[in-house]
Amino acid sequence: MNVKVAVVGSTGMVGRMMLKVLEERNFPVDEIYLFASAKSAGKTLDFKGKKVTVQELNEENIKKAAVKYALFSAGSDVSKQYAPVFARYGAVAIDNSSCWRMDKNVPLVVPEVNPQAAFAHNGIIANPNCSTIQAVVALKPLHDKFKIKRVVYSTYQAVSGAGVQGFADLKDGIDGNPPKKFPHPIAFNILPHIDVFTDDGYTKEELKMINETHKILEDDTIRITATTARVPVYYGHSESINIEFEKPVTRESALRTLREAKGIVVCDDPAANVYPTPLLAEGHDEVYVGRVRQDKSVESGLNIWVVADNIRKGAASNAVQIAELLHSREQ
């Protein structure tokens, strides 16, 4: 059964990737509708060898399109206004912004982790934060097997996570030009600052990882802390994750568990210098895990290194996978 699909924010970095992923994964699109701001209306984008005209996002055009799935990557304000409109006209809005993630009536879904949550939607499903997605893909099988007590996140996030302006800041900085997006140069530098700072000294990005992990794993008892940093890498977020468990764990049992899990590629052969890197993960939908080793400072702990393409698995691909999950139920 073919379906009508909309991409909202289609001219942006993630919107364009959504189109690419829909095509690559051969999602059964009967008709594609591209929505963006009035400023972008009239532009054309390629989809499956054809030129498709971008339409202005408004209620009249949404009603006319009558799509089944609407993939959103247009920011929280747009999602807040228009995701309910799509839902009202019979679509499922799969939203990539932070707008709906912590709404108790909106499921927050990573298909490899909590696919069942997707079917409890009321017309809107939230895509988690990019750094959270790859983390929970790695954590879920370990949590199921060994029961996680505590997590310490340290992230090394690519500039593309800040959109085209972040990408441009790195390119410009390499040429010696000052930043426009970031508060300090990102070229040849690291910024321990993603999103805005809150009163307690954490950034919103760090709080997103903490709160979203609790919601997705459905376990608020896990103690979590996070430090998120921007690094001079174009694509691919890297994460050092320290985990303490209730049950005994070894490197070997953890590797075995990770190898059996969905959506994970284990790259772990220290003697041969085999471990995940952003360049390795770029262009792929899987989450790469390596540097698995016991944390000898606690009774039962691990350190793992987790890498994924933040524009694909961290955004576009996860949204398309949610649509695939819903569509499979209707076959």
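Q: Which residues of β3 are on its covered face, and which on its uncovered one?

A: In a regular strand, side chains alternate between the two faces of the sheet. In β3, Leu45 and Phe47 make up the covered face, while Thr44 and Asp46 make up the uncovered one. Before we go on: this is a predicted model, where local features need pLDDT of at least 70 and side-chain atom pairs count only at pLDDT 80 or more, while totals for chains, interfaces and linings use all residues. Residues are numbered from 1 along each chain as its sequence is written, and side-chain values use heavy atoms, with hydrogens and water left out.

Q: Where does leucine 45 lie, and is leucine 45 buried or exposed?

A: Look in strand β3, residues 44-47. (Strands are DSSP runs of E with at least two residues, helices are runs of H or I with at least four, and both are numbered from the N terminus.) Leucine 45 has a relative accessible area of 7%, so we call it buried. (Buried means under 20%, exposed over 50% and partly exposed in between, using a 1.4 Å probe and protein chains only.)

Q: What is leucine 45 in contact with, apart from its neighbours within four places in sequence?

A: A contact is a pair of heavy atoms within 4.5 Å. Leucine 45 touches Ser10, Thr11, Arg16, Leu19 and Leu34, and its list goes on with Lys50, Lys51, Val52 and Val54. Take threonine 11: it is 34 residues away from leucine 45 along the chain, yet their C-alpha atoms are separated by 7.9 Å.

Q: How many bridges join β3 to strand β4?

A: Strands of a sheet pair through backbone hydrogen bonds, either parallel or antiparallel. To count as a pair here, two strands need at least two bridges found by DSSP. β3 and β4 (residues 50-56) have four, and they run antiparallel. One place to look is threonine 44, which stands opposite threonine 53 in β4. The hairpin of β3 and β4 has two residues between the strands, and lysine 48 takes a positive phi near 55° there.

Q: In what order do the strands of the six-stranded open sheet come?

A: Read across the sheet like this: β9-β8-β10-β13-β12-β11, with mixed pairing. At the edges you'll find β9 (223-230) and β11 (264-266); each has a single partner strand, so one side of each has no neighbour in the sheet. The partner of β11 is easy to follow: three bridges join β11 to β12, and these two run parallel. Isoleucine 264, for instance, has valine 287 in β12 as its bridge partner.

Q: How many of the eight residues of strand β13 are buried?

A: Seven of them, so β13 (residues 301-308) is largely enclosed by the rest of the structure. On one side, eight bridges join β13 to β10 (residues 237-245), antiparallel; among the partners, glutamate 244 goes with glycine 301 in β13. β13 also has five bridges to β12 (residues 287-294), again in antiparallel fashion, and there valine 289 stands opposite valine 306. A hairpin of six residues leads from β12 to β13.

Q: What volume does the largest pocket have?

A: On a 1 Å grid over the protein atoms alone, a pocket is an open set of points with protein on both sides within 12 Å along at least five of seven lines, whereas a cavity is a set where a 1.4 Å probe fits but cannot get out; lining residues have an atom within 4 Å of a point. Points are joined across faces, edges and corners, and a volume is the space filled by probe spheres set on them. The largest pocket comes to about 1,300 Å³. It is lined by 50 residues, with Ser73, Gly75, Gly161, Ala162 and Gly163 closest to its centre.

Q: Which element gives the most to the lining of the largest pocket?

A: That's α3, with four residues. Elements that each supply at least two include α1 (13-24), β2 (29-36), α3 (76-88) and α5 (163-174).

Q: Which residues line the second largest pocket?

A: They are Ser98, Arg101, Met102, Asp195, Lys204, Leu207, Lys208, Asn211 and Glu212. This pocket holds about 180 Å³.

Q: How many cavities of 30 Å³ or more does the count come to?

A: Just one. The largest cavity holds about 30 Å³ of space, and its lining includes Asp169, Gly173, Asn177 and Ile186.
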